[in-house]
Amino acid sequence: MRTLWSIAVMIAVAEIVFYLCFHKTVLAGRDPIEYMRNFALIPTIVNVIVLGTAELLFAKSRATPLQRNAFPLAAATLMALQMAIVHANVAILAMVFAYPVAFSLAYADRRLLFFAFAINFIDYLGYALIYMPYFSHLTLPPNYQMEVLTTIIMLLGEIVMAYAVMARITELGMKNAQADMRKQMLEQLVKLDSFTKLYNHAAFYEALDTQILAHQKTGVTFSLILMDLDDFKLINDKHGHEMGDRVIMTLVGSIRQCLSPTDTPYRYGGEEFVIITMADEAEAMRLSERVRLDFQNRVVPDTGLTCTVSMGVCTYKETYTGRREFFSAVDQALYDAKHAGKNQTRIARPEQPVTPPAAT
């Protein structure tokens, strides 16, 4: 609608400028008040009424977005009709009936394109075959029928060209959308662990950097839950790597079962997993315990085997200098859980010294 309002203003200004430039030549002898009333004031008032009504209908209508967009196109057609009537003695201005169709291209919708053409074509036929011969009080030129036929051919040619342009725009849009989709799929594949389908190590650090930056800017609270399967090496050695894979997927099932939409799990590496949760320390602790107990009570499919997992929890605080110190703190909490007997969760304390975790 802003474009149409701008066009209405430009039309009014153009009429005024035209008079100021040519009132001593082409418009010599014309009453300035009459000219301004007939060519500037009244057309501007009509345009304001038309555009105001269209904007009100657009804003208040409960119709679909497609149907609502028909109001500006109808307003553009009425503006074109008025301009042609006001300047009926200027044959070339019948070309203004082409501009609503061109305007409809902005919506990139073929239905609106054909709607604009239909109402515009009907308006022109009414103008050329009814208004001009019977109401304009103008003497029509001998070649008037040829002018009308030429304009009709021009309008038909315009719709064909506009359709071709829109088809090309749609085609390019689909190609770009497909390219974007392929790019997103490749990015997802790069960030996903191929076995568990969780986000991987690289994706975790990317997300962690983003969360730390968000905390520094807005103070948003978030925590890490780092977990490691207990005695996983022993499971692999005793039952084989296929069994180890089943244990990993059982833990993944527990993680997915217990998380909320604000929690994101990652496979940190091997049998280690980490969760970024938008929770404080107490809620992160409760979440980790839900995962731990759910996994402890699950039976690895087709084996009868049950396993356990140890966890460390840490909530980000300003005292951490960055991700390295923050992750070391949650890693230390996991180490403490392992050292204290496994199958439990420990909360990180910033004042705790960082001890290299032992192999499990």
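## Cysteines and the absence of disulfides

In this predicted model, the sulfur of Cys258 has as its closest cysteine sulfur that of Cys307, at a separation of 16 Å, which is too far for a bond. A disulfide is a covalent bond between the sulfur atoms of two cysteines. The cut-off applied here is 2.5 Å between the sulfur atoms, and the structure holds zero disulfides.

Two cysteines can be placed with respect to the surface. Cys258 is buried, with a relative accessible area of 15%. Cys314 is also classed as buried, at 1% relative accessibility; the limit for this class is under 20%.

## The largest pocket

Empty space is considered next. The largest pocket has a volume of about 380 Å³. Its lining comprises 19 residues, and those nearest the centre are Phe39, Val86, His87, Asn89 and Val90. Three helices give two or more residues each to this lining: H1 (2–22), H2 (32–60) and H4 (70–86).

Helix H1 makes the largest contribution to the largest pocket, with four residues. By class, the lining of the largest pocket consists of 14 nonpolar, three polar and two charged residues.

## The enclosed cavity

The model contains one cavity of 30 Å³ or more, and the volume of the largest cavity is about 50 Å³. Its lining is formed by Ile11, Glu15, Phe39, Pro43, Asn47, Met79, Gln82, Met83, Val86 and His87. Phe39, Val86 and His87 thus appear in the lining of the cavity and are also among the residues nearest the centre of the largest pocket.

Helices H1, H2 and H4 each provide at least two residues of the cavity lining. Here H4 gives the most, with four residues, whereas H1 holds that position in the largest pocket. Six residues of the cavity lining are nonpolar, three are polar and one is charged.

## Helix H4

The 17 residues of H4 should span 24 Å at 1.5 Å a residue, and the end C-alpha atoms are indeed 24 Å apart. Of these 17 residues, 12 are buried, so H4 is largely enclosed by the rest of the structure.

The buried positions of H4 are Ala70, Pro72, Leu73, Ala75, Ala76, Thr77, Met79, Ala80, Leu81, Gln82, Met83 and Ala84. Met79, Gln82 and Met83, buried in H4, also belong to the lining of the largest cavity.

## The second largest pocket

The second largest pocket has a volume of about 290 Å³. It is lined by 20 residues, with Ala88, Ala91, Met132, Tyr144 and Glu147 nearest its centre. Helices H6 (110–134) and H7 (144–191) each supply at least two of the lining residues.

The largest share of this lining comes from H7, with five residues. The lining of the second largest pocket divides into 15 nonpolar, four polar and one charged residues.

## Helix H6

H6 consists of 25 residues, and the distance from its first C-alpha to its last is 35 Å, close to the 36 Å expected at 1.5 Å a residue. A bend of about 35° occurs in H6 at Tyr127.

The buried residues of H6 are Leu112, Leu113, Ala116, Phe117, Asn120, Phe121, Asp123, Tyr124, Tyr127, Ala128 and Met132. Tyr127, the site of the bend, is therefore itself buried, being under the 20% limit. Met132 is buried in H6 and lies among the residues nearest the centre of the second largest pocket.

Key:
Residues are numbered from 1 along each chain as its sequence is written. This is a predicted model: local features need pLDDT of at least 70, side-chain atom pairs count only at pLDDT 80 or more; totals for chains, interfaces and linings use all residues. Side-chain values use heavy atoms; hydrogens and water are left out. Buried means under 20% relative accessible area, exposed over 50%, partly exposed in between (1.4 Å probe, protein chains only). On a 1 Å grid over the protein atoms alone, a cavity is a set of points where a 1.4 Å probe fits but cannot get out, and a pocket is an open set with protein on both sides within 12 Å along at least five of seven lines; lining residues have an atom within 4 Å of a point. Grid points are joined across faces, edges and corners, and a volume is the space filled by probe spheres set on the points. Ala, Val, Leu, Ile, Met, Phe, Trp, Tyr, Cys and Pro count as nonpolar, Asp, Glu, Lys and Arg as charged, and the others, Gly among them, as polar. The expected span of a helix is 1.5 Å times one less than its number of residues. The bend at a residue is the angle between axes fitted to the seven residues ending there and the seven starting there.
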